[in-house]
Amino acid sequence: MFSKLKEVESRYQELEKLLSDPTVVTRQNLYQKYAKEHADLRDLVDAYRDYEKTSERIEEGQQLLRGDDEELKEIVREELPELRNQLAELEERLKILLLPKDPNDDRNVFLEIRAGTGGDEAGLFVGDLFRMYARYAETRCWKVEVVSSTPSGGVGGFKEIIASIAGQGAFSQLKYESGVHRVQRVPITEAQGRIHTSAVTVAIMPEADEVEVTIDPNDLRIDVFHSSGHGGQSVNTTDSAVRITHLPTGLVVSCQDEKSQLKNKAKGMKVLRARLLDIMVKKQNEEISEARKSQVGSGDRSERIRTYNFPQGRVTDHRVGLTLYSLENILGGEIQEFVDALTAHYQAESLKQSTN
């Protein structure tokens, strides 16, 4: 591990020289490439340098213990346990930082939320989860834009909502949100006050570049129609809404939120590319390891990654066994504790796999 770290530090120093080279500065594409590589290595190099400094302090302390100064030796005895703990923590951090980085971590994402079992109540919870993610994005200064939405029945809510979330590290923070989210509460339509259980599926997909997912125009069927809003009323009188069908896979994307047919088509193509990339990545993951599969599920109540229990005011993530009794705050966008716990969990899983 440490020979690898020395190589990384050497490369980091080389990049620092390149970034100050006038010939590189004038070539913007090359400069940006080196600047990104330099930024990607910074945390690893900083941790390695901290590790080296801590190791040196421990070695110096051990030498002082062999001396004759009893007062100094007493100080060193008090410091050494803390320094050894710091060294162990830095070593674990280095192992995590050395794990292969997910190439999608820095990408923007498409968020898709769909009502599963539970009828109108599931549709209402689609709206609740969308607001939760939108508020979380706001705290991170990310931009949220609704791409497409399909209203549910007269009580409000959505059968489906798709949004783009643009911001630094969006996929790295949201990628573990994919799956079935279960809600337990008394629906507004329930006269007897009985608790119902409903399910909603969430999918987080990295935005794909055009060069990564090439789509043959001959594989597409594009239909246009009138946009419609809540209650079925026409939003405008032109055929601006677009439905794109990818014939080889059967994927269908509809977009109607823009008044321009061209803008709706452009948004729809972005969603289609993201879905196709998602399919490609899942296929690769299945071939690499069964443990790395990333499936959303059918929306059945029995499949769930997280449960939101309103009567008890708690939210439980079943993958990491974390329960928080702050449901209102979580639905207000305060999901970072879940994000951090899931990231730590899957990093630990990756470490186990890398040592096997």
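Visitor: How many bridges join E6 to strand E7, and how do the two strands run?
Guide: Happy to start there, keeping in mind that this is a predicted model. Strand E7 covers residues 241-246. Phenylalanine 225 stands opposite alanine 241 in E7. E6 and E7 run antiparallel, and the number of bridges joining them is 6.

Visitor: Which strands stand at the edges of the sheet with the order E6-E7-E8?
Guide: This is an open sheet of 3 strands with antiparallel pairing. An edge strand has a single partner strand, so one side of it is left without a neighbour in the sheet. That description fits E6 (220-225) and E8 (251-255).

Visitor: By how many degrees are neighbouring strands of this sheet turned against each other on average?
Guide: The sheet in question has the strand order E6-E7-E8. With direction ignored, the average turn between its neighbouring strands is 15°.

Visitor: Is cysteine 255 buried or exposed?
Guide: Let's set two cysteines side by side. Cysteine 141 has a relative accessible area of 72%, so it counts as exposed, the cut-off being over 50%. Cysteine 255 has a relative accessible area of 2%, and since buried means under 20%, cysteine 255 is buried.

Visitor: How many disulfides does a search of the whole structure find?
Guide: A disulfide is a covalent bond between the sulfur atoms of two cysteines. Here the search covers the whole structure, and the number found is 0.

Visitor: Which helix holds glutamate 37, the salt-bridge partner of arginine 11?
Guide: The closest N and O atoms of arginine 11 and glutamate 37 are 2.9 Å apart. The pair links distant parts of the chain, 26 residues apart, with arginine 11 in helix H1 (residues 2-19). Arginine 11 is partly exposed at 24% relative accessibility, and glutamate 37 is partly exposed at 25%. The helix that holds glutamate 37 is H3 (residues 28-65).

Visitor: What separates glutamate 74 and arginine 77 along helix H4?
Guide: Their side chains meet in a salt bridge, at 3.5 Å from N to O. Both residues lie in helix H4, 3 residues apart, so the separation is about one helical turn.

Visitor: Is lysine 267, which meets glutamate 145 in a salt bridge, buried or exposed?
Guide: The N to O distance in this salt bridge is 2.9 Å. The pair joins strand E2 (residues 143-151), home of glutamate 145, to helix H7 (residues 261-288), home of lysine 267, across 122 residues. Glutamate 145 is partly exposed at 30%. Lysine 267 has a relative accessible area of 12%, so lysine 267 is buried.

Notes: Residues numbered from 1 in each chain as written. Predicted model: local features only at pLDDT ≥ 70, side-chain atom pairs only at ≥ 80, totals over all residues. Heavy atoms only, no water. Pairing = 2+ DSSP bridges. Helix = DSSP H or I, 4+ residues; strand = E, 2+ residues; numbered from the N terminus. Axes fitted to C-alpha atoms, helices over the stretch in contact; angles between N-to-C directions. Disulfide = S-S within 2.5 Å. Buried < 20%, exposed > 50% of the residue type's maximum accessible area, 1.4 Å probe, protein only. Salt bridge = Lys/Arg side-chain N within 4 Å of Asp/Glu carboxyl O.
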